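Colleague: Please pick one part of this model and take me through it closely, explaining the terms as you go.

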Amino acid sequence: MEQPTGFIVAVDAVMRHVNSARPDAPVRAEPPRTARLAAPRRLAAGALRRLADQIQPTPTSSARNIPAGAC
């Protein structure tokens, strides 16, 4: 064996990998994700809603009362 240190490190890494799949392996909880870019997301959502309202406006209460053949 030319590199005994590399062999030892490789065996240790393989054993940690194999043992991590065991049912009694320690479980690390994922840290909570921080809300990044919250303000730009709200701005983009507002802009997309305004754009959607311009493209396909919602009917108002007065527009609903117009008879179908009147236009």
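Modeller: Of the 71 residues in the protein chain, 3% count as buried (under 20% relative accessible area; exposed is over 50%, partly exposed in between; 1.4 Å probe, protein chains only). This is a predicted model, in which local features need pLDDT of at least 70, side-chain atom pairs count only at pLDDT 80 or more, and totals for chains, interfaces and linings use all residues. Residues are numbered from 1 along each chain as its sequence is written, and side-chain values use heavy atoms, without hydrogens and water.

The chain has three helices and zero strands (DSSP runs, H or I of at least four residues for helices, E of at least two for strands, numbered from the N terminus). In sequence order the pattern is α-α-α.

The part I would look at is helix 1, which spans residues 4-19 and includes Ile 8. Ile 8 counts as exposed, because its relative accessibility is 57%. Ile 8 also belongs to a nonpolar patch on the surface, where Phe 7, Val 11 and Met 15 join it. Together these four residues have about 380 Å² of accessible area (Shrake-Rupley, 1.4 Å probe). Such a patch takes nonpolar side chains within 5 Å, each over 30% relative accessible area and without a salt bridge.

Helix 1 also holds a pair of charged residues, Asp 12 and Arg 16, which lie four residues apart, about one turn of the helix. Side chains of opposite charge can pair when their charged atoms come close. The side chains of Asp 12 and Arg 16 meet in a salt bridge, with 3.4 Å from N to O; the cut-off is 4 Å, from a side-chain nitrogen of Lys or Arg to a carboxyl oxygen of Asp or Glu. The structure holds one salt bridge. Asp 12 counts as partly exposed because its relative accessibility is 42%, while Arg 16 is exposed because its relative accessible area is 55%.

After helix 1 comes a loop leading to helix 2 (38-55), and Leu 37 lies in that loop. Leu 37 has a positive phi of about 60°, although it is not a glycine. At a relative accessible area of 61%, Leu 37 is exposed.

For the whole chain, the accessible surface comes to about 7300 Å², of which 60% belongs to carbon and sulfur atoms. The mean pLDDT (confidence from 0 to 100) is 80, and 80% of the residues score at least 70. Confidence is highest in helix 2, at 92, and lowest in helix 3 (residues 61-64), at a mean of 53.

How values were computed
Patch = residues over 30% accessible without salt bridge, like charges linked within 9 Å, V, L, I, M, F, W, Y side chains within 5 Å. pLDDT = per-residue confidence, 0-100.
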